[in-house]
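Colleague: I would like to go through a model feature by feature and learn how to read each one. Please put it on the screen.

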Amino acid sequence: MRFQDASRVIVLDLTHAGMIIATKLAEMKYSVIAVDVYRTVDGKTLIELEEKYGIKTSKEPMPVNGTDIVVSPAHLDPEYPVLVEARKKGIKILTHHQAVGSILSMKEWPEKGTVIEITGSKAKTSSASLLAEMLSQKMKVILHTSRGLELWENSQCKILNLGLSIAPGSILLAIDKLEELEASADCYIFEVSIGLTGFADIGIITTLEPDYSIAASTSNSSDAKMSVLSYAKENEIFFLNIKDRKAQDMAYEFGRTFFTFGDSEYSGHDYKNADVVADIVYDSANSSVMFKHQEGTFSSGLSEKYNSKSYATAFAVAVAVALKVGIPKKNIIKVIGSFEGLQGRMQEKKLAGRLLIDNSNSGMDIRSAERSLDYALSRLEDENSGIIMVLGEEAAQVCEGLPPEHVSEFVKRCIDDLSTLILVGERMQNVENGKFICANGLEEGLEIARGIASEKDIILSCVKCFR
């Protein structure tokens with residue numbers, strides 16, 4: 001059962017773009033009850049939902065009697081009372097991802113063009129952005145990521161809108177914005193958190209690692225990301241990481257057409273005859289990268305203005321898809337050769353004449369911070385230079401936040417490698433080890449670092465934030 005067979009729907013969780021799903025269903029004349037599970041929505045907004053859209057709202061669990069479908073985020077505790085009651089009574093439960101896919105199917109959007117969705121634990125934004133630029137060599141591309149809503153043509157990017165999240169419901173908001181701007185394209189690329197909607201023509205899972213628990217530790221994020229393989233439309237094509245064996249097993253189980261990519265030499269190239277489209281190998285001595293694929297190899301030079309090794313997965317993903325949709329190698333090489341990194345993703349900049357390694361973004365986690373520190377240490381010029389690290393979070397709700405306990409463990413191991421540590425965010429103030437300065441946000445942290453840094457020091461920015 002999808003929405004075509006329903007009339008009354010309960011939508012759970014208004015925090016993670018569930019409000020968008022609820023209002024869209026109400027506009028489509030469904031009877032909607034919206035439950036603010038996490039109690040984060042202000043009363044004025046709830047009243048507006050009722051008065052403007054006719055949506056009944058509640059901060060408490062609602063009875064499911066008479067309900068046809070319950071829409072719930074993949075990460076919600078399955079013991080939430082509405083879900084428990086729905087399972088007992090055999091009421092259909094759809095995830096936010098499935099709900100958005102169903103709405104888009106009924107909306108019959110777009111009139112023309114290819115739709116690509118991308119999810120994964122790491123490298124979503126960089127993969128999507130590189131792919132958009134590669135495809136823009138031959139077509140007009142709309143890109144929606146945590147960076148914003150962008151229009152790409154001939155490697156030129158135009159910002160259409162900022163501030164949208166990558167929760168599945170935000171796809172609906174992005175499409176509304178495109179219709180408002182009367183913007184259309186040959187290809188639409190959407191970055192999506194913790195899964196895919198199953199509506200796209202091409203679905204990409206960059207990597208399932210690092211995995212983490214969701215839904216009150218009853219399942220893993222990898223399960224949510226792979227689940228699209230069980231419900232996607234019949235002709236959707238998937239691109240999977242060669243290292244993610246369980247995703248490939250699931251694709252075989254459900255008879256999916258898929259191709260694989262790798263970001264390093266991998267011994268399992270012939271795993272169940274999986275089609276390895278691109279296998280990336282770095283040649284650091286010559287500042288170049290080589291791609292192996294079915295028809296041979298080709299290589300490209302690399303800019304030295306960023307840490308290219310941190311983009312290994314993104315390069316593999318983008319090249320794999322670009323080759324399959326017919327982008328010539330010369331265009332792919334042109335993009336890779338001119339690429340200098342994305343803002344906040346291991347990009348080298350100057351801040352008041354000091355070297356700034358910028359790794360502050362929504363996907364930043366403690367592993368990324370460790371890799372960034374290793375890279376910064378390799379860039380130190382002499383014993384008189386040091387690393388001033390700005391570490392923390394601007395918003396705890398950004399992609400699961402940055403757990404203070406992870407930061408505490410990192411600080412214990414790495415504090416001796418730093419000349420100064422600046423911790424950002426209220427939750428970081430109680431981190432064990434008092435050898436740090438506190439800052440409220442990224443900009444304040446960078447301002448403090450700039451005031452401290454000597455000429456040869458490196459400023460390392462690792463703050464989890466929307467950019």
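Modeller: Start with a pair of strands. Six bridges join β17 (residues 288-293) and β18 (residues 296-301), and the two strands run antiparallel. Keep in mind throughout that this is a predicted model.

Colleague: Through how many residues does the hairpin join β17 to β18?

Modeller: Through two residues. For the register, take H293, which stands opposite G296 in β18.

Colleague: What should I expect of the side chains along a strand?

Modeller: In a regular strand they alternate between the two faces of the sheet.

Colleague: Now a sheet with parallel pairing. What is the order of its strands?

Modeller: This open sheet of five strands has the order β3-β2-β1-β4-β5. At its edges are β3 (56-58) and β5 (92-95), each of which pairs on one side only. From one strand to the next, the twist averages 20 degrees.

Colleague: How many bridges are there between β1 and β2?

Modeller: Five bridges, in the parallel sense, pair β1 (residues 8-12) with β2 (residues 31-35). To find the register here, look at V9, which stands opposite V32 in β2.

Colleague: Next, helix packing. At roughly what angle do the axes of α5 and α10 cross?

Modeller: The axes of α5 (residues 124-135) and α10 (residues 312-324) cross at roughly 40 degrees and come within 8 Å. As for handedness, the crossing of α5 and α10 is right-handed.

Colleague: Which residues of α5 and α10 make the contact?

Modeller: On the α5 side they are S126, S127, L130, L131, M134 and L135. On the α10 side they are T313, A314, F315, V317, A318, V319, V321 and A322. By class, the contact of α5 with α10 has 11 nonpolar residues, three polar residues and no charged residues.

Colleague: Last, a single residue. Is S372 buried or exposed?

Modeller: S372 is found in helix α12 (residues 366-379). S372 counts as buried because its relative accessibility is 0%, and the cut-off for buried is under 20%.

Colleague: With which side chain does the side chain of S372 make a polar contact?

Modeller: With that of N359, at 2.7 Å.

Colleague: And which residues does S372 touch, not counting those up to four places away in sequence?

Modeller: S372 touches M346, N359, L460 and C462 on that count. N359 therefore appears twice in the reading of this buried serine.

Methods: Residues numbered from 1 in each chain as written. Predicted model: local features only at pLDDT ≥ 70, side-chain atom pairs only at ≥ 80, totals over all residues. Heavy atoms only, no water. Axes fitted to C-alpha atoms, helices over the stretch in contact; angles between N-to-C directions. Helix = DSSP H or I, 4+ residues; strand = E, 2+ residues; numbered from the N terminus. Left-handed = near helix turned anticlockwise from the far one by under 90°. Contact = heavy atoms within 4.5 Å. Nonpolar A, V, L, I, M, F, W, Y, C, P; charged D, E, K, R; others polar. Pairing = 2+ DSSP bridges. Buried < 20%, exposed > 50% of the residue type's maximum accessible area, 1.4 Å probe, protein only. Polar contact = N/O pair within 3.5 Å; in protein donor to acceptor, adjacent residues only side chain to side chain.
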